[in-house]
Amino acid sequence: MNCLSLERLYACLEGELSSAESRDIEGHLAACPPCRNAFEERKRMLQAIETLPGFEVPPEFSKGIIDRIPLPAKAKVSFVRWLAAGVAGFLALVAVLSVIALATGQNFSQFFIRFNRGLWSYVQEGALVLAKFAKLVFLFLKVVGQILGELLEALGVFGSLIGPDAQVIFICTSFLLILAGGFLWRRKFLVEKNHEN
Amino acid sequence: MIIQKYQQPVLNYIGRMVRERELALDFSQEVFLKVYASLGSYRPQYKFSTWLFKIASNAVIDHWRKKKVPTLSLDQHPDDAEDHCPIQVPDENPSVVRQFELRELRQKIDAAIDKLPPSLRELFVWRHINGLSYEEMAEIKELPLGTIKNRIFQAKEMLKRLLEEPA
């Protein structure tokens, strides 16, 4: 009786043989103590390997990966694309207007003339609003300038009333206060930004 | 999600290959990042796990090359141990003694797997810990099926000899 090869024993243990082949092997094992011993040893080893515990995955493992995925860079839109988008928008507008003109049964040229007049009146009104806004900004700047002028004058008077030593102390104190204010504001800003992130 | 599905098998594989927990965690994260970066090159006609393990395997090989880890040749065996006592673990019932012996055996197996040459260890882990088929491994390693089967056989027999060595 020829003993079984180790390859066949493993194939039997890993279920790679047909049921007929497995039966043959079982028959041989029942009659051959050395082969049975070899089979049992390998069976126990493979069983123990199957029950080896897996590597413990920390709960933050997947989050760590996701956090490391680089964010996609913002796509830069080229000038040609902007131009193409503008042309496409214009053509779309013309197409929509043509459909409206067709749907309302109006003459194309008259429709476009009316549309242009309407558009021009909107442009004129917009320009008027812009002009008023610019005037307001100018007035605001003028008032701010006057207030600053008054403040400077008051400071001059104040400076003439106190001595040169007091002037130096006053300037230094003001400078330090401005620096401290800037530092505190920056810190508050950074804390808020970190909270947002 | 890909990470959730494959984190355990990838960690089991890389953990056994690099043998250091923290390094294995870092390494596995790197592998998933590589997978993410290469998703565009994945071809759906291949099994995803095969593709993923190929990336992981290449990363491990790169790591060994950088670290210059000594690897044994496939023909090189540990000392022949024909006359060593076989493992005597009774198999009749799952008694407390059996449980204890099983735990002890697992510890011995863990240590023995670490002693396998990396090229055999990789295939052994894929087959018996990750449950990959011989065909998948042949595809990952781009080797003939017979070569893969033969190497895994060598790994198992080497492992058995290592287990029989006195502690």
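**Exercise 1. How much area is buried between chain A and chain B, and what share do carbon and sulfur atoms give?**

Ground rules come before the solution. This is a predicted model: local features need pLDDT of at least 70, side-chain atom pairs count only at pLDDT 80 or more, and totals for chains, interfaces and linings use all residues. Residues are numbered from 1 along each chain as its sequence is written, chains are lettered from A in the order in which they are written, and side-chain values use heavy atoms, with hydrogens and water left out.

Step 1. Fix the term. Buried area is the accessible area (1.4 Å probe) that two parts lose on being put together, summed over both.

Step 2. Read the value. About 3300 Å² is buried between chain A and chain B, and carbon and sulfur atoms give 64% of that.

Step 3. Find the main contributors in chain A. Arg44(A), Phe55(A) and Phe61(A) lose the most area to chain B, together 21% of what that side buries.

Step 4. Count residues in contact (heavy atoms within 4.5 Å). Chain A supplies 30 residues and chain B 42 residues.

**Exercise 2. Describe the polar links and the chain A side of the interface.**

Step 1. Count salt bridges (a side-chain nitrogen of Lys or Arg within 4 Å of a carboxyl oxygen of Asp or Glu). There are six between chain A and chain B.

Step 2. Take an example. Lys160(B) and Glu41(A) form a salt bridge through their side chains, at 3.0 Å from N to O.

Step 3. Assign elements; helices are DSSP runs (H or I, at least four residues), numbered from the N terminus. On the side of chain A that touches chain B, α1 (6-13), α3 (33-50) and α4 (61-68) of chain A each give two or more residues. α3(A) gives the most, with 10 residues.

**Exercise 3. Locate the nonpolar cores.**

Step 1. Define the set. A nonpolar core joins buried Ala, Val, Leu, Ile, Met, Phe, Trp, Tyr and Cys residues through side-chain atoms within 4.5 Å. Buried means under 20% relative accessible area (1.4 Å probe, protein chains only).

Step 2. Take the largest core. It has 58 residues, and Tyr13(B), Ile14(B) and Leu159(B) touch the most other members. Helix α3 (residues 48-67) of chain B gives the most to this core, with nine residues.

Step 3. Add the second, separate core. Its 11 residues include Cys12(A), Leu29(A), Cys32(A) and Ala38(A).

**Exercise 4. Which residues of helix α6 (residues 134-141) of chain B are buried?**

Step 1. List them: Tyr134(B), Glu136(B), Met137(B), Ala138(B) and Ile140(B).

Step 2. Find the cover. It includes α3, α5 (118-128) and α7 (145-164) of chain B.

Key. Buried < 20%, exposed > 50% of the residue type's maximum accessible area, 1.4 Å probe, protein only.
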